[in-house]
Amino acid sequence: MKHVCLGSSDEALEKPDIVTLSEQLKEKNARVTVVDWRDQGVDYTQFDCVVIRTTWNYTSYIDEFVQWVRRVCEKTCLLNSMETILWNIDKVYLRDLAEEGVSVVPTVWIDKGSVKPLHTVFEEQGWDTVVIKPRISAEGYNTHCISTVDMASGEQIFSQLVSERDMMVQQFMETVKTCGELSLVFIGGKYSHSLRKRASSSDFRVQESHGGSTILEHNPPQSAVIQAQEILKTAWKVVNRRGNPHSGRARGTSFLYARVDFLTASQRPSTDYGMEATPPTQFLLTELELLEPSLYPTEFPPVAQKLADEILTILGESP
């Protein structure tokens, strides 16, 4: 009997991503233990693998989290791998992917302590509205939409943030208001399902914590699925170059889990979903979630079984 540890956080121990996966693993005769990643008393040598799932407070303890990832990797198999996690923590991975030819939302990277004013970025790029966010962040934390109209207050916000952390400035994509964000979930490199995330009328962020909504996308554009698959192949190659993307006894040819989040650069009516990008290359990557993405088991229950099967396959068990 394989013993699987699910990495979580104290406020997310009973979230659907944990509960549904735990149930599926137990049904397949695996032993399951859910741990708070900050619990210093856990002996990770007792587990056949640790699967990172809902460690959703890690950005508040980033140095501690990195140490935890390294410590777990020394004791057992970590999924996704340490190399993958450490690369994916910092959103500068988007720059790595862009350098490999992946279409990403246009981004300017600003290092901590930079004295470059925000209005200079506007002028250099010819943008009239941007989104600023820390390179290490989640759930829309310290994410602001700033336009030339509110430049004065925007400069103050940006100046304060960049004095404390590395930042990124992205062109604001108007399609987030019309098309929303398209999220595609992959298990073991295979397409599973898609979600449509939309912001509320009073915000630009699609996260539910900011009033956004998420529904299952039954018929995503095939071009988006193909593009997402290519992005995963590229990301796998990038991680390979940084080091072995496996940890301990992990094996395979792709990430255990991944979520590819797209925005579109342009829009037109489509039978696929409300507004479709044209051409297909106009799907722009906004996030590649390889660390602790929600896979939305409430909206698509079969994903828990798919993930459990893939975990056991990696561990050499017949699901």
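These exercises work through side-chain contacts, cores and local geometry in a predicted model.

**Exercise 1. Overall make-up**

Task: State how many helices and strands the chain has, and what share of its residues is buried.

Solution.
- Step 1. Take the secondary structure. The chain has nine helices and 15 strands.
- Step 2. Take burial. Of the 319 residues, 53% count as buried.
- Step 3. Add the surface. The accessible area of the chain is about 14000 Å², and 46% of that belongs to carbon and sulfur atoms.
- Step 4. Look at contact range. Among contacts between residues at least 6 apart in sequence, 70% join residues at least 24 apart.

**Exercise 2. A salt bridge between buried residues**

Task: Find the salt-bridge partner of arginine 53, place both residues, and decide whether they are buried or exposed.

Solution.
- Step 1. Search for the partner. Arginine 53 bridges to aspartate 17, with the closest N and O atoms 3.2 Å apart. The cut-off is 4 Å, so the pair qualifies.
- Step 2. Place the residues. Arginine 53 belongs to strand 3 (residues 49–54), and aspartate 17 to helix 1 (residues 16–27). The two are 36 residues apart and link distant parts of the chain.
- Step 3. Check burial. Arginine 53 and aspartate 17 are both buried.
- Step 4. Check for a ring. The charged end of arginine 53 also sits over the ring of tyrosine 257, 5.0 Å from its centre.

**Exercise 3. Other salt bridges**

Task: Give the N to O distances for lysine 28 with aspartate 309 and for glutamate 124 with lysine 116, then describe the setting of each pair.

Solution.
- Step 1. Start with the background. Oppositely charged side chains can pair when their charged atoms come close.
- Step 2. Read the first pair. Lysine 28 and aspartate 309 meet at 2.9 Å, N to O. Lysine 28 is in the loop between helix 1 and strand 2 (31–36), and aspartate 309 is in helix 9 (residues 302–314), so the bridge ties together parts 281 residues apart in sequence.
- Step 3. Classify lysine 28. Its relative accessibility is 22%, so lysine 28 is partly exposed.
- Step 4. Read the second pair. Glutamate 124 and lysine 116 meet at 2.8 Å, N to O. Glutamate 124 has a relative accessible area of 51%, so it is exposed. Lysine 116, at 29%, is partly exposed.
- Step 5. Widen the search. The whole structure holds 15 salt bridges. Asp90, Asp111, Arg135 and Asp166 are linked in a network of them.

**Exercise 4. Aromatic geometry**

Task: Classify the ring pair of tyrosine 58 and phenylalanine 65, and list the cluster that contains these residues.

Solution.
- Step 1. Count the pairs. There are 11 aromatic pairs in the structure.
- Step 2. Read the geometry. The ring centres of tyrosine 58 and phenylalanine 65 are 5.0 Å apart and the planes meet at 40 degrees, so the pair is tilted.
- Step 3. Check burial. Tyrosine 58 has 4% relative accessibility and is buried. Phenylalanine 65 has 0% and is buried.
- Step 4. Expand to the cluster. Trp37, Tyr44, Phe47, Tyr58, Tyr61, Phe65 and Trp68 form one aromatic cluster.
- Step 5. Add a charge. The charged end of arginine 38 sits over the ring of tyrosine 61, 3.6 Å from its centre.

**Exercise 5. Nonpolar cores**

Task: Name the members of the largest nonpolar core that touch the most other members, and find which helix gives the most to this core.

Solution.
- Step 1. List the hubs. The largest core has 45 residues, of which Leu25, Tyr44, Val51, Phe65, Trp68, Tyr257 and Ile311 touch the most other members.
- Step 2. Find the helix. Helix 9 gives the most, with six residues.
- Step 3. Look for another core. A second, separate core has 29 residues, among them Leu97, Trp109, Leu184 and Leu288.
- Step 4. Inspect one hub. Leaving out residues up to four places away in sequence, tyrosine 44 touches Cys5, Val35, Trp37, Val50, Trp68, Val72, Lys75 and Thr76.

**Exercise 6. Helix 5 and a loop tyrosine**

Task: Identify the buried residues of helix 5 and the elements they pack against, then locate tyrosine 141.

Solution.
- Step 1. Take helix 5 (residues 118–125). Its buried residues are Leu118, Thr120, Val121 and Phe122.
- Step 2. List the neighbours. These residues pack against strand 5 (107–110), strand 6, strand 7, helix 6 (151–162) and strand 8 (167–171).
- Step 3. Check the helix end. Just after helix 5, glycine 126 has a positive phi of about 75 degrees.
- Step 4. Locate the tyrosine. Tyrosine 141 lies in the loop between strand 6 (129–134) and strand 7 (144–147). Tyrosine 141 is partly exposed, at 44% relative accessibility.
- Step 5. List its contacts. Beyond residues up to four places away in sequence, tyrosine 141 touches Pro134 and Arg165.

Terms used:
Residues are numbered from 1 along each chain as its sequence is written. This is a predicted model: local features need pLDDT of at least 70, side-chain atom pairs count only at pLDDT 80 or more; totals for chains, interfaces and linings use all residues. Side-chain values use heavy atoms; hydrogens and water are left out. A salt bridge is a side-chain nitrogen of Lys or Arg within 4 Å of a carboxyl oxygen of Asp or Glu. Helices (H or I, at least four residues) and strands (E, at least two) are DSSP runs, numbered from the N terminus. Buried means under 20% relative accessible area, exposed over 50%, partly exposed in between (1.4 Å probe, protein chains only). Rings of Phe, Tyr and Trp (its six-membered ring) pair if their centres lie within 6.5 Å; planes under 30 degrees apart count as stacked, over 60 as edge-to-face and the rest as tilted. A charge sits over a ring if NZ of Lys or CZ of Arg is within 6 Å of the ring centre and within 35 degrees of the ring normal. A nonpolar core is a set of buried Ala, Val, Leu, Ile, Met, Phe, Trp, Tyr and Cys residues joined through side-chain atoms within 4.5 Å. Contact means heavy atoms within 4.5 Å. Accessible areas come from the Shrake-Rupley method with a 1.4 Å probe; for residues, only the protein chains shown count as cover.
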